[in-house]
Amino acid sequence: MRFQDENTQVRPPTLAEQRARQQALAQEQQNEQEVQVAEGKSATKRKILIGSGVTVGLVGLIATFYSVAAPRGSVTAVCTDNSGIVRDDNDCDETYVSSHGGYHSGGFFFIPIPGGGGYNQYRYNYGGQGLVGQPVRGGSYDAPSGRTTVNTKSGKTVQRGGFGISGKSSSGSGTSGKSGGS
């Protein structure tokens, strides 16, 4: 029938039509639940991925900090006079020099000569060797990088390596141990 007027009554759906509608509604609800579960998993994966990225980035930043902060090594410094003769470590110690009327400037230590008449000049040789009173063998008068720990033969730390580490002396004097032109 192609035309129905307002008096025509709608026939009730058949049993097969009712089942098909119920199955379609059930399938639609199942699809909605699957979409919600998939969105939840996707959001969780995204959060985990972002959290992992942040963690990896933070670990990388900390590793970089520690690699920059770690001292590169250590070297022994020997105190020498202006002619390259090894002297006692006290002659290059700021506390000792200042207590004897001397001063420290640009990596050099100046102690007044007894009886007047000028100053004796001392400085550190880094990596050199020798006994007190003998010429220094090897080494350099150029201070090593700030990431290198420098100790004297007597065990005093002259310069400590690492990032953000103070240059305080380990001898307990409380004076700055960053000396020798560093």
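The side chains of Thr-152 and Ser-154 are joined by a polar contact of 3.0 Å in this predicted model. Thr-152 itself belongs to strand S5, which covers residues 148-152, and with a relative accessible area of 5% it falls below the 20% cut-off and therefore counts as buried. Beyond its neighbours within four places in sequence, Thr-152 is in contact with Thr-76, Ala-77, Asp-89, Tyr-124 and Val-158.

Some of these partners lead on to the nonpolar interior, since Ala-77, Tyr-124 and Val-158 are among the eleven residues of the largest nonpolar core. That core also includes Cys-79, Cys-92, Val-97, Phe-109, Ile-111, Tyr-122, Tyr-126 and Val-150. At least two of its residues come from each of strand S1 (73-81), strand S3 (108-112) and strand S4 (119-126), and S4 gives the most, with three residues.

Aromatic rings can be followed next, for a search of the whole structure finds five aromatic pairs. In one of them, the rings of Tyr-103 and Phe-110 have their centres 4.8 Å apart and their planes at 25 degrees, so this pair is stacked. Its two members differ in their exposure, because Tyr-103, at 40% relative accessibility, counts as partly exposed, whereas Phe-110, at 16%, counts as buried. In another pair, Tyr-124 and Tyr-126 have ring centres 6.2 Å apart and planes at 45 degrees, and the pair is therefore tilted. Here Tyr-124 is buried with a relative accessible area of 2%, and Tyr-126 is buried as well, with 6%. Tyr-103 and Phe-110 also belong, together with Phe-108 and Tyr-119, to one aromatic cluster.

For the protein as a whole, the secondary structure comes to two helices and six strands, which follow the pattern α-β-α-β-β-β-β-β along the sequence. Of its 182 residues, 22% count as buried, and the protein exposes about 12500 Å², of which carbon and sulfur atoms supply 54%. Among contacts with a separation of 6 or more, 45% are between residues 24 or more positions apart.

The confidence of the prediction remains to be considered. The mean pLDDT is 80, and 84% of the residues reach 70 or more. Among the elements, helix H1 (residues 15-69) has the highest mean pLDDT, at 90, and strand S6 (residues 157-159) the lowest, at 75. Over residues 162-182 the pLDDT stays under 50, although the model has 49 contacts beyond four places in sequence for this stretch.

Definitions and conventions. Residues are numbered from 1 along each chain as its sequence is written. Side-chain values use heavy atoms; hydrogens and water are left out. Helices (H or I, at least four residues) and strands (E, at least two) are DSSP runs, numbered from the N terminus. Buried means under 20% relative accessible area, exposed over 50%, partly exposed in between (1.4 Å probe, protein chains only). Contact means heavy atoms within 4.5 Å. Accessible areas come from the Shrake-Rupley method with a 1.4 Å probe; for residues, only the protein chains shown count as cover. A nonpolar core is a set of buried Ala, Val, Leu, Ile, Met, Phe, Trp, Tyr and Cys residues joined through side-chain atoms within 4.5 Å. A polar contact is a pair of N or O atoms within 3.5 Å; within protein, one must be able to donate a hydrogen and the other to accept it, and residues adjacent in sequence count only if both atoms are side-chain atoms. pLDDT is the predictor's confidence in each residue, from 0 to 100. Rings of Phe, Tyr and Trp (its six-membered ring) pair if their centres lie within 6.5 Å; planes under 30 degrees apart count as stacked, over 60 as edge-to-face and the rest as tilted.
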